[in-house]
Each structure stands twice: as structure tokens, then as C-alpha cells.
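Welcome! Please take a look at the protein below and let us walk through it together.

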Amino acid sequence: MNPDVPPPWAPPGDSNEPGGESGESPPQGYGPPPPGPQAYGAPQPGPYGYGPPGYGPPGHGPQWYGPLPPGHGYGPPPGPVRAESGTSYDAQGRNGRGGRFGWLGELSLVVVLVVVGIVVVSLIGAVLAAVLGAGPEEADSEVFFENPVADMAFQLIGIAIGIPVVLWGARYLGKRPAGTVSSVVGRLRRRWLGLCAAVSVPLIILQFGALFAWTWGSEAAEPSGDGFPGWASFLLTLAVLGALVPLQAAAEEYVFRGWLVQVIGRAVRSPWPAVVLASLLFALAHGFGQLSGFILLFYSAMWWGWLVIRTGGLEAVITLHVANNLLALGLAAGFGELASTQTAADAPWQAMVLEFVFAPLYCLIIARLADRRGIERVSP
């Protein structure tokens, strides 16, 4: 080899010394190609992954082998991948992973796992009730426990199982960070959650108060339970509800307003097909009661779906849902109606009319606060 001609693997410079005329050390990866078949076209491992033959500075040809910078390996990067910056909440699943129809696999498997989780929790409740002798006296009863508090606890746990299932689905089937189901920033924004709670709690109390005042003396407002159960039982019930209702209410939001909207958002460009379908399924999941109850659920779910897109996360709808369910079940416990099988689907027409006012009122207030606080609507 001519000593006056730098070898092809040498770094740019006027000499073939390690540092050239500048005296600086060559970058990592400079040097002669390794002996053997590695030097003849096989991808070489480095600190950043595998690179194609000849990856290196321009003009050095296939003789140079060095580590690849992040993001320049063969194939997609390992682990979860976020959607690009500026992506709205419903489009968080559009991260280029899973193929054109990958959303169908995620949708199908997660739905199956949610159903299996509910069935497993129900079976555990049935077995415990049988072993402890705490089951109902009627053989055809729809409950597992004679005690309404214990039965309600298992119902709430069965619904809460949806949170880990959909987060797992987003992470391992959707190949995206699980936190993107919570918000566009990849987590629940706690301060924003607290501010939404400060608005939702008094508004829900006002709505319930208006409903009681409107229906006072009517058949819809007459208690049908056993009356106040006593302070010891009532406080125990409130403790159970306080621990489990937030998980149950949040699970419904994670499933219907969160994960489902994002999965469908992988296949459609507009958020509204996903919001409408999720709202319909949310109303149907509460059972078939009165038409007024179905309209109330669908109408409020549509507003809540808009609010999630508008604020870039689930915080505002979680706090409202938790406040509503805690107040409703707390009142039911106080009147001894916790064993009632009625749901929001059985709501009277007066409740529907009030929802026409309070649902948009809450959503517009929160949207206004989000603008003032600079809450992220798209991924940073």
C-alpha cells in the first residue's frame, strides 16, 4: 500500500495518522474492516443496532463499518412507538405499527379479554358466596351475595378489570405507550384532574338537587328500599364505594371514550365515527330500560366524547363520571336501595331534560378552562 495515500477507512484529513493534521481522535467506528465474512456485506451489530454494509461518512465506501445512530437500524425500532408530534387524541394509535388491518386484531383480542375478565371475577364471586354460605336464598337470583355491599363490590371490580386489559392492549397489540390512552402527553395530568373535579362535583350535586326538586312527590322519587341502614353499615358502604367506584367509572371511560376511540381512529381519519359508535355501545352496555334513559346516556356520551378530543385526555370525563356514580350510589346506600337492579338506563324523562342542559354546560366550562390553562390537545 502506498504510504502517501490514505487507506479507505481513514477519516477525512491530509494524513493517514489517527488524528490527521487536526490531531483529533477519529470518530467511533473508523478503522479497517474486520476480517472474515463480516467485511463482505453482512450487517454488523453496534451499540445502536444493525446497520447495512457501507454505512458511514460519504466517500468511505463499503470498507467502513461503524455503529448506527438511533433510529437508523433495519426495520421498525423495538418497543412502543408514539404517534408523531401534533397528533390528536383519537389518532394516538396511528404510529405506523401493526399494518393496515392491525386494529382489527387489537379490537378483537381486547374485547375477548375484557369479557373473560368479567366472567372470571363473576365466577370468583359465585364461588366465594357458595363457600361462605353468603349467597341469596332464591336459586334464580341475579346476585351472588345476599349482602348488597358485597355483591356491589364484585360488580365494580368486574368492570374495573377493563383498565389493565385496555392498557395492555395498547402497549402490546397497538405497539404504543399505554399512557397515551390517558392523554396525549402519555399520562394522567393530575393537576388538570383536580381542577376538573373541582368543577364536576358541585355541578353534579346541583344537577341531582334539581332532579329531586323537580320530581318531589312523584312516583319516580319515592324510595323503594329498606330505609337508612344505620351509621355503621352506611359508613362501611361509603368506604367500599369510595375505593371501588373511581376504578369502575374510570374503566368505563378508558374502554369507551379512550381505547375504543383510538383503535377505531387507526382506521378512520375523523374522530366522529369512533365517538358515535363508542357512545352507542356505552348506552347499550347499561341495559335496556326506558327510552329516556337510553337517550340520556347516548347524549351525554356524545358530549363526553367531544370533550376528550377537545382536551386531549380522559381527565375531565373521569372526574364527572366518578362524581355522578359516587353520589348516585351513595344516595342509594342511604335509602337502602343498593340492591336495586336499576341503572341510568331507567332514568325518568326529567333526568333526560336536565342532562340536555348540564352535559353541554359542563363540557363547555371545561373546554374554556382548558384553553386558559393551556392544556395540551395534541401530542407534544
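This briefing covers confidence, the nonpolar cores and the salt bridges.

What you see is a predicted model, with a mean pLDDT of 84 for the protein. Its largest nonpolar core has 57 residues, and the structure holds 7 salt bridges.

**Confidence**

- A pLDDT of 70 or more is reached by 78% of the residues.
- Residues 8-31 stay under 50 in pLDDT, although the model has 39 contacts beyond four places in sequence for them.
- Over residues 36-66 the pLDDT is also below 50, and this stretch has 64 contacts beyond near neighbours in sequence.
- Where pLDDT is low, predicted coordinates should not be read in detail.

**Nonpolar cores**

- In soluble globular proteins, nonpolar side chains tend to be buried together.
- Within the 57-residue core, the residues touching the most other members are Tyr89, Tyr254, Trp259, Leu307, Leu314, Tyr362 and Ile366.
- Many helices contribute: α1, α3, α4, α5, α6, α7, α8 and α9 each supply at least two residues of this core.
- The biggest giver is α5, with 11 residues.
- To explore one member, find Leu307: beyond its neighbours within four places in sequence, Leu307 is in contact with Ala316, Val317, Tyr362, Cys363, Ile366 and Ala367.
- There is also a second, separate core of 12 residues, including Val149, Phe234, Leu241 and Ala333.

**Salt bridges**

- Side chains of opposite charge can pair when their charged atoms come close.
- Asp90 and Arg94 form a salt bridge, with 3.9 Å between the closest N and O atoms. Asp90 is buried at 2% relative accessible area, whereas Arg94 is partly exposed at 25%.
- Glu106 and Arg176 meet through their side chains in another salt bridge, at 3.3 Å from N to O. Glu106 sits in helix α1 and Arg176 in the loop between α3 and α4, so this pair ties together parts 70 residues apart in sequence.
- Are Glu106 and Arg176 buried or exposed? Glu106 counts as buried, at 1% relative accessibility, and Arg176 counts as buried too, at 0%.
- Arg310 pairs with Asp371, their closest N and O atoms being 2.6 Å apart. This salt bridge links distant parts of the chain, since Arg310 is in helix α7 and Asp371 in helix α9, 61 residues apart. Arg310 is buried, with a relative accessible area of 16%, while Asp371 is partly exposed at 42%.
- Glu106, Arg176 and Arg266 are joined into one network by salt bridges that share partners.

Methods. Residues are numbered from 1 along each chain as its sequence is written. This is a predicted model: local features need pLDDT of at least 70, side-chain atom pairs count only at pLDDT 80 or more; totals for chains, interfaces and linings use all residues. Side-chain values use heavy atoms; hydrogens and water are left out. pLDDT is the predictor's confidence in each residue, from 0 to 100. Contact means heavy atoms within 4.5 Å. A nonpolar core is a set of buried Ala, Val, Leu, Ile, Met, Phe, Trp, Tyr and Cys residues joined through side-chain atoms within 4.5 Å. Buried means under 20% relative accessible area, exposed over 50%, partly exposed in between (1.4 Å probe, protein chains only). Helices (H or I, at least four residues) and strands (E, at least two) are DSSP runs, numbered from the N terminus. A salt bridge is a side-chain nitrogen of Lys or Arg within 4 Å of a carboxyl oxygen of Asp or Glu.
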